[in-house]
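User: I have a model open and want to learn how to read it. Can you take me through its features one by one?

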Amino acid sequence: MKDITELRKEIDLLDKRLVEILEKRFKVVKAIGEYKKINHLPIFDKEREKFVLESKKELLTKEEDFEYYKRIFQLIMDISKEMEKWKISL
Ligand SMILES: O=C(O)C(=O)C[C@]1(C(=O)O)C=C[C@@H](O)C=C1
């Protein structure tokens, strides 16, 4: 079994990739915020959020983890909406 220092190094590397991916996602989200501002579209899109959540199911290797992923992606979308609101208010 790997020791905890080794395991934490793995986590740190994965977190680094997560931060990079989240930065890219939030950049796109801000562009969507601008698009919605110009086109007078609402920030919240219920159907799109449903699709974003449900589409993760087939990407998972372990379907039993789906509920955890749903929570993570719902939180990401909630933060994305805050970012869009901030962008629209500028
Ligand atoms: O796709 C959009 O319309 C977005 O604004 C992006 C996003 C998301 O973070 O994926 C955020 C808010 C919406 O309710 C739906 C999806």
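Analyst: Start with the record. The UniProt annotation "domain: Chorismate mutase", from an unreviewed entry, covers residues 1-88. Keep in mind that this is a predicted model.

User: How far apart are the end C-alpha atoms of residues 1-88, and what is the helix content of that span?

Analyst: The end C-alpha atoms lie 50 Å apart. The span is 76% helix and 0% strand.

User: Which elements make up the protein chain, and in what order?

Analyst: The protein chain has three helices and zero strands. Read from the N terminus, the order is α-α-α.

User: What does the radius of gyration of the protein chain say against a compact globule?

Analyst: Compare the value with the one for a globule of 90 residues. That globule would have a radius of gyration near 12 Å, whereas the protein chain has 16 Å. The box tells you about the dimensions: along the principal axes, the C-alpha atoms fill roughly 55 × 25 × 15 Å.

User: Now packing. How do I describe two packed helices?

Analyst: Use two quantities: the angle between their axes and the distance between the axes. Here, the axes of helix 2 and helix 3 come within 9 Å and cross at roughly 145 degrees. Helix 2 passes helix 3 in a right-handed crossing.

User: Which residues make that contact between helix 2 and helix 3?

Analyst: Helix 2 brings Glu-49, Val-52 and Leu-53. Helix 3 brings Lys-70, Phe-73, Gln-74 and Met-77. By class, the contact has four nonpolar, one polar and two charged residues.

User: Last, the ligand. Which helices supply the shell around the ligand?

Analyst: Look for the elements that give at least two residues each. Those are helix 1 (4-38), helix 2 (46-54) and helix 3 (66-89). The largest share, four residues, comes from helix 3.

User: Which residues surround the ligand, and how do they divide by class?

Analyst: The surrounding residues are Val-29, Ile-32, Phe-44, Asp-45, Arg-48, Glu-49, Val-52, Met-77, Ser-80, Lys-81 and Glu-84. The shell has five nonpolar, one polar and five charged residues. Glu-49, Val-52 and Met-77 surround the ligand and also take part in the contact of helix 2 with helix 3.

Key. Residues are numbered from 1 along each chain as its sequence is written. This is a predicted model: local features need pLDDT of at least 70, side-chain atom pairs count only at pLDDT 80 or more; totals for chains, interfaces and linings use all residues. A residue is near a molecule or strand if its C-beta atom, placed from the backbone, lies within 6 Å of it. Ala, Val, Leu, Ile, Met, Phe, Trp, Tyr, Cys and Pro count as nonpolar, Asp, Glu, Lys and Arg as charged, and the others, Gly among them, as polar. Axes are lines fitted to C-alpha atoms, for helices over the stretch in contact, and angles run from 0 to 180 degrees between N-to-C directions. A crossing is left-handed if the near helix is turned anticlockwise from the far one by less than a right angle, and right-handed if clockwise. Two residues are in contact if their C-beta atoms, placed from the backbone, lie within 7 Å. UniProt positions are given in the numbering used here, feature names are shortened, and annotations may be inferred rather than shown by experiment. The radius of gyration is taken over C-alpha atoms; the globule rule is 2.2 Å times the number of residues to the power 0.38.
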